[in-house]
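Here is a short briefing on aromatic contacts and one helix. Please keep the structure open while reading.

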Amino acid sequence: MILFLSVALTGCTTGKHKDFMANTELAKTYFSLHEQENEEAMWGYIHPDIEWHLPVYDAPMAGMDEIKQAVVNYHTEFEGMNFAADYWLPGVDPETGLPDGSTRTYGTWTAVHTATGQKVSITTYHAFNFKDGKIIGGGDWFDLGGMLNAIQKGAQMQADEQASEEES
């Protein structure tokens, strides 16, 4: 009888944590505020004890100050930022493998580098953990170095074209 109830209850669940949908909406709103460059509103979504993985080689886990600096830098360096999610997935507790209310997404950020006019499009992965209705952990994973190299290459090509035009 216990086995039957266990199987029946397992079959009726979606496999998602009760907080998954609400937390996913929080993460989506956070990204929307990022696109709008509304930094002050973004800070309200971040737990003061946050530990975040920035997409920088060999960087230590970031806290609130480092996240604020990174966000302000993106807003200074880029315009027209837009995130198109491929999908949002429930996260799991790394020790138990069970859904824990966290969320993660794969998608693509697009923007224009303000100084050079270079368009960027970068595939990304983001994970969000929550505490008290705020983002407390997770991170961003993408090829930051490749994006910076593409911007530099685009800027060099523009400079070469300009120099060629001036010589003509």
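Buried means under 20% relative accessible area. By that cut-off, phenylalanine 128 and phenylalanine 130 are both buried. The model is predicted.

**Aromatic pairs**
- Ring centres within 6.5 Å make a pair. The count comes to 14 aromatic pairs.
- Phenylalanine 31 and tryptophan 109 are one aromatic pair, with 5.1 Å centre to centre and 70 degrees between the planes. This pair is edge-to-face.
- Phenylalanine 31 sits in helix α2 (residues 20-35) and tryptophan 109 in strand β3 (residues 99-113), so their pair ties together parts 78 residues apart in sequence.
- Phenylalanine 31 has 5% relative accessibility and therefore counts as buried.
- Tryptophan 109 also counts as buried, because its relative accessibility is 11%.
- Phenylalanine 128 and phenylalanine 130 have ring centres 6.5 Å apart and planes at 25 degrees, so this pair is stacked.

**Aromatic cluster**
- One aromatic cluster is formed by Tyr30, Phe31, Trp52, Phe83, Trp88, Trp109, Phe128 and Phe130.
- Both rings of the edge-to-face pair, Phe31 and Trp109, belong to this cluster.
- The stacked pair, Phe128 and Phe130, belongs to the cluster too.

**Helix α2**
- Helix α2 has 16 residues. From first C-alpha to last, α2 reaches 22 Å, close to the 22 Å expected at 1.5 Å a residue.
- The buried residues of α2 are Phe20, Asn23, Thr24, Ala27, Tyr30, Phe31, Leu33 and His34. Among them, Tyr30 and Phe31 are also members of the aromatic cluster.
- Glutamate 37, just after α2, takes a positive phi of about 60 degrees.

Conventions. Residues numbered from 1 in each chain as written. Predicted model: local features only at pLDDT ≥ 70, side-chain atom pairs only at ≥ 80, totals over all residues. Heavy atoms only, no water. Phe/Tyr/Trp six-rings, centres within 6.5 Å; stacked < 30°, edge-to-face > 60°. Helix = DSSP H or I, 4+ residues; strand = E, 2+ residues; numbered from the N terminus. Buried < 20%, exposed > 50% of the residue type's maximum accessible area, 1.4 Å probe, protein only. Expected span 1.5 Å × (residues − 1).
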